Amino acid sequence: MSNVELKPARVFEQFAKINQIPRPSKREERMIEYLKDFGESHGYETKVDETGNVLIRKPATPGHENRKTVILQSHMDMVCDKLVDIDFDFDHDAIQTYVDGEWLRAKGTTLGADDGIGCAIELAILDSNDIEHGPIECVFTRDEETQLTGAMGMQAGFMNGDYLINLDSEDEGQFFVSCAGGRSTIATFDFAREEAPEGYFFMEASVKGLVGGHSGDDINKKRANAIKLLSRFLYNELRKCDLRLASFNSGKLHNAIPRDGRVVFAVPTAFKEEVKADFNIFVAAAEDEFHVTDTAMQFALGSTDAQPVLPATVGRNIISALQAVDNGIFAMCQDEALAWMVETSSNVAAVKTTDTQVEVLSSQRSNVMSNLDNMCNTVRAAYELAGAKVVSTDGYPAWKMNPNSKLVEITVDTYRKLFGKEPRVLGIHAGLECGLFSERYPNLDMVSFGPTLRYVHTPDERLLIPTVQMVWDHLLEILRNIPE
């Protein structure tokens, strides 16, 4: 890592080991094996369910056997994103970290602190013999980042605790007690390619360097979306001339705001200079519009080789649908106490073009399940009107706040005493696995917190080092105060 001291050392040692293990979502087999070996080598009861979730049970320290059992839970997978010009293979290469002031970062890739740092905290507790605690179950779920399928596949009875602490939140001093539900919507446009008409000029437009971010946590920050930017430009030109679309590629993940993208299209040669002039005007307007949030955006427009194009009607429908479809905040929470929080949103996340299809992936979130249905239907309708085949995933449920939570009471009281300041008890617009746990374990008392992370799901992801020590100290204090 670095010769800079990282505290608590036992946590950062575990995090360094985790970052040597490739663990993309849906391909966590090496991490599962590592966790299984870790638990068994320490002599702890260890089990892996059919989905690939891992549970390691640590007995209470002497004298505390009668305390309620605490489940510590994190997800083992990570979002894999990198800068476009970085040569990195997430299936084989280790994450390269470095210290930047008080922050821990990775060289050109996501850091994996979401939620590798939660896993590291759990492993450090399992590895320690100087901590006072009752019975503990450390749970590591797989494939959280793509629709929470690890938690979705977990059967009732896999966990047996009374309290659950989810270590997958990203602002130290903020304790989350509810979360949004979510679904993904996939629109597919089928076509047979054709040759462009005679006298057409081919161009490629691209954008990169956007900030991007988490489609839940960061949707309220008014950051630019690469897909929406490029589709705005294409729609403007489509209204002026017979633009023919050849390809549109941008974004990778349903839960990330797309940071870069490129489109290939053709226009009548007589219009090419006008298109270039329009692009310069568009770039200036976009840079002004996002001058606060996206200061490093880079646009490019140039000529490219001729290639088969989409039928005119299909290309027009795709561009029009991407212009029309909702993106960003749809509604804020109506409760006065939560008026600051996004209730419902949608993120146009990825567009992928093949020889015969254009597929558009988007994700919808809401703390109100009826409005989640409405948001999904709003997006679906836009694509259906454009002639696409549309499917929605089953998604995951919202987690409703428990106003009588004993665990939240302990969490808040210990924080006040430890740090002499008031924490914030909040809901979150992102999806947490607690929503699924609440369905299978209706009596489970839960809270979510963690150290401070910024720019998750992007290569700018960073972890605020001092907050790891704060979370560690607080977690140990909570464990000391768990009742019988």
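Begin by selecting Tyr 383, which is buried with a relative accessible area of 1%, where buried means under 20% relative accessible area, exposed over 50% and partly exposed in between, for a 1.4 Å probe and protein chains only. The model is a predicted one, in which local features need pLDDT of at least 70 and side-chain atom pairs count only at pLDDT 80 or more, while totals for chains, interfaces and linings use all residues. Residues are numbered from 1 along each chain as its sequence is written, and side-chain values use heavy atoms, with hydrogens and water left out.

**The aromatic pairs**

Rings of Phe, Tyr and Trp (for Trp, its six-membered ring) pair if their centres lie within 6.5 Å, and planes under 30 degrees apart count as stacked, over 60 as edge-to-face and the rest as tilted. The count by this rule is 11 aromatic pairs. Add Phe 189 to the selection: with Tyr 383 it forms an edge-to-face aromatic pair, 6.5 Å centre to centre and with 80° between the planes. Phe 189 lies in strand β9 (residues 181-190) and Tyr 383 in helix α8 (residues 369-385), so this pair ties together parts that are 194 residues apart in sequence. Helices (H or I, at least four residues) and strands (E, at least two) are DSSP runs numbered from the N terminus. Phe 189 is buried, with a relative accessible area of 3%.

Next select Phe 233 and Phe 265, whose ring centres are 6.2 Å apart and whose planes stand at 65°, so the pair is edge-to-face. Because Phe 233 lies in helix α5 (residues 226-238) and Phe 265 in strand β14 (residues 261-268), the pair ties together parts that are 32 residues apart in sequence. Phe 233 is buried at a relative accessible area of 1%, and Phe 265 counts as buried at 0%. Widen the selection to Phe 279, Phe 282 and Phe 299, which form one aromatic cluster with Phe 233 and Phe 265.

For a ring with a charge over it, select Phe 201 and Lys 272: the lysine lies over the face of Phe 201, at 4.4 Å from the ring centre. A charge sits over a ring if NZ of Lys or CZ of Arg is within 6 Å of the ring centre and within 35 degrees of the ring normal.

**Two helices**

Select residues 113-127, helix α3, which has 15 residues and reaches 19 Å from its first C-alpha to its last, close to the 21 Å expected at 1.5 Å a residue. The expected span is 1.5 Å times one less than the number of residues. Helix α3 is mostly covered, with 14 of its 15 residues buried. Within α3, look at Asp 115, which a cis peptide bond with omega of about 5° joins to Asp 114.

Move then to helix α11 (residues 465-480), whose 16 residues should span 22 Å at 1.5 Å a residue and whose end C-alpha atoms are 24 Å apart, which agrees. Buried residues of α11 include Val 468, Trp 472, His 474 and Leu 479.

**Loops and backbone**

Most residues other than glycine have a negative phi, and most peptide bonds are trans. Select Lys 7 and Pro 8, which are joined by a cis peptide bond with omega of about -5°; Pro 8 lies in the segment before α1 (9-18).

Lys 26, in the loop between α1 and α2 (29-41), has a positive phi near 75° and is partly exposed, with a relative accessible area of 48%. Asp 143, in the loop between β6 (136-141) and α4 (149-153), has a positive phi near 55°, but this residue is buried, with a relative accessible area of 4%.

Thr 51 sits in the loop between β1 (45-48) and β2 (54-58) and counts as partly exposed at 22% relative accessibility. Leaving aside neighbours within four places in sequence, Thr 51 is in contact (heavy atoms within 4.5 Å) with Arg 142, Thr 149, Gly 150, Gly 153 and Met 154.

**The whole chain**

Finally, zoom out to the protein chain, which has 11 helices and 23 strands. Of its 484 residues, 59% count as buried, and the C-alpha trace spans about 85 × 50 × 45 Å along its principal axes.
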